[in-house]
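Work through the exercises below with the sequence and the model at hand. Each task is followed by a solution in steps.

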Amino acid sequence: MVKIEVELVSTSIIKPSSPTPSDLRFYPLSYIDQLSSHIYNNLVIFFPSKANDSDQSLNVAEISRKLKKSLSDVLTRYYPLAGRIKDNLFLNCNDEGIPYLEARVNCKLSDILPNLDPIELPKFVPFELDGRVDLLLGVQLNIFECGGIAIGFCITHKIGDALSALMFTKCWAAATRGDDNQQIPWPQFVSSTLFPTKDISSLDVPRVDIPTKNIVTKRFVFESSKIDSLRAKYVESGNLKNEKISRPTRVEALSAFICNRYMAVTQEGFGPRKRRYAIAQAFNLRTRIDPPVQENSFGNFSRQFIRCLDSTSCEEDSFSNLVREMRNLIKSGNDKEFAKKIQMGTDQFINFTKEHAEKLAKGEIIDLKFTSICRFPLYDHFDFGWGQPLWIGANPLPCKNLVIFVDRKSGDGIEAYIDLEEEDMAKFERDEEFISFVSPTA
């Protein structure tokens with residue numbers, strides 16, 4: 001494996017191409033924004049050296065010029081991203097701009113793809129993911145020896161969820177390839193209207209230190225045939241043979257399987273009665289608010305819903321029970337009352353943390369968090385004008401026990417990015433049943 005070295009060669013500041021009007025300079029944070037951490041959603045988008053499978057090599061200098069210009073133009077629509085946060089209450093949309101970095105990589109794309117270790121992805125983005133800087137957005141253009149490129153970017157979770165980050169990139173790609181402005185789904189900023197700013201000090205949110213160090217990220221590939229066998233395993237379960245129930249979705253089945261194997265390897269030394277588990281699923285509130293808001297609404301419109309697992313779900317042969325629990329969790333999150341309570345300021349995630357903060361801190365309750373961006377057509381939407389990406393790396397947030405699902409480019413299966421503590425990951429990777437369903441990353 002090639003040792004990847006990325007050398008920064010230039011830094012510039014990109015500002016909106018036209019000044020933000022004075023009446024838009026004050027951008028109030030929503031209640032969910034205030035509760036969100038200043039860590040970065042990020043992606044790295046890899047492109048081959050030839051455009052659209054032709055013989056024409058990419059002109060990297062021209063690409064960089066186009067990216068800068070389109071980024072400047074897009075920032076006039078995404079003007080909050082060029083501002084700065086003030087006192088966890090609002091953004092000062094002062095057009096200070098965002099950093100645009102260019103870097104050289106000491107190898108060819110063929111040296112590292114398709115089996116790039118996720119541990120290398122942070123080299124291709126401009127910031128540490130734990131939010132040590134006060135910038136809201138940053139971009140890094142990485143240039144490989146072969147002429148291929150990788151566009152890495154970071155958008156703070158403080159003012160936008162993962163879908164907001166994807167929407168920004170979709171608009172930026174469309175602007176770069178020259179789409180008509182009328183065809184680009186520009187953002188709507190309505191989050192603070194739906195979730196008004198609050199004095200969150202009165203919420204008495206308990207602090208639970210979740211380690212971000214000693215966290216290992218691994219990417220596991222599950223081909224469609226393997227996922228189908230997991231779905232069939234649920235249907236064929238003896239516990240459910242008389243139930244009239246549909247097959248689990250891909251995400252339901254894969255979530256239950258990963259949870260089942262995680263619990264199996266982490267019960268060691270505790271015993272089934274000493275350690276409890278909870279599952280969490282991130283939900284997009286845009287479609288659950290009454291009335292729904294448009295999908296291009298920018299901000300934090302996602303929250304986690306938590307469900308504690310009973311003792312039967314923690315048994316090693318409890319796959320069918322876990323699928324049922326996962327389905328019930330998703331059903332609960334689909335309830336419009338869930339979104340209504342959040343609008344009223346009742347946050348189920350906070351209430352769960354209050355109740356179980358001490359047990360979480362001691363490790364007596366372990367939560368495994370799932371989120372999915374499957375069905376979002378990344379490879380179609382992220383064409384910047386020189387063809388579909390070769391591969392998109394979804395570097396997870398630095399968060400313990402997080403699982404992110406992404407569709408493979410081929411359409412055959414799902415890539416699962418899993419964050420675990422180093423000791424747990426070592427056990428996880430040695431689990432024979434888990435490994436039997438994993439395919440090579442090549």
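A charge sits over a ring if NZ of Lys or CZ of Arg is within 6 Å of the ring centre and within 35 degrees of the ring normal. The model is predicted, so local features need pLDDT of at least 70 and side-chain atom pairs count only at pLDDT 80 or more, while totals for chains, interfaces and linings use all residues. Residues are numbered from 1 along each chain as its sequence is written, and side-chain values use heavy atoms, with hydrogens and water left out.

**Exercise 1.** Find the lysines whose charge sits over a ring, K198 and K226, and name the ring below each.

Solution. Step one: K198 lies over the face of Y31, 5.4 Å from the ring centre. Step two: the charged end of K226 is placed over F437, at 5.9 Å from the centre of that ring.

**Exercise 2.** Describe the salt bridge between R261 and E433 and the burial of its two partners.

Solution. A salt bridge is a side-chain nitrogen of Lys or Arg within 4 Å of a carboxyl oxygen of Asp or Glu. Step one: the closest N and O atoms of R261 and E433 are 3.4 Å apart. Step two: R261 belongs to helix α7 (residues 250-266) and E433 to helix α13 (residues 432-436), so that 172 residues separate them; helices (H or I, at least four residues) and strands (E, at least two) are DSSP runs, numbered from the N terminus. Step three: buried means under 20% relative accessible area, exposed over 50% and partly exposed in between (1.4 Å probe, protein chains only). R261 is buried at 2%, whereas E433 is partly exposed at 28%. Step four: K233, R261, D431 and E433 are linked in a network of salt bridges.

**Exercise 3.** Locate the salt bridge of K427 and E423 in its helix.

Solution. Step one: the N to O distance is 3.9 Å. Step two: K427 and E423 are four residues apart in helix α12 (residues 422-430), so about one helical turn separates them. Step three: K427 is buried at 17% relative accessible area, but E423 is exposed at 56%.

**Exercise 4.** Is strand β9 enclosed or open, and with which strand does β9 pair?

Solution. Step one: seven of the eight residues of β9 (residues 215-222) are buried, so the strand is largely enclosed by the rest of the structure. Step two: two strands pair if DSSP finds at least two bridges between them. β9 pairs with β15 (residues 414-421) in the antiparallel sense, over eight bridges. Step three: R219 stands opposite Y417 in β15.

**Exercise 5.** Classify the aromatic pairs F220 with F434 and F370 with F405.

Solution. Rings of Phe, Tyr and Trp (its six-membered ring) pair if their centres lie within 6.5 Å; planes under 30 degrees apart count as stacked, over 60 as edge-to-face and the rest as tilted. Step one: the structure holds 26 aromatic pairs. Step two: F220 and F434 are edge-to-face, with 5.0 Å centre to centre and 85 degrees between the planes. F220 is in β9 and F434 in α13, so this pair ties together parts that are 214 residues apart in sequence. F220 is buried at 5%, and F434 is buried at 0%. Step three: F370 and F405 have ring centres 6.2 Å apart and planes at 20 degrees, so they are stacked. F370 lies in strand β12 (residues 365-372) and F405 in strand β14 (residues 402-407), so the pair ties together parts 35 residues apart in sequence. Both F370 and F405 are buried.
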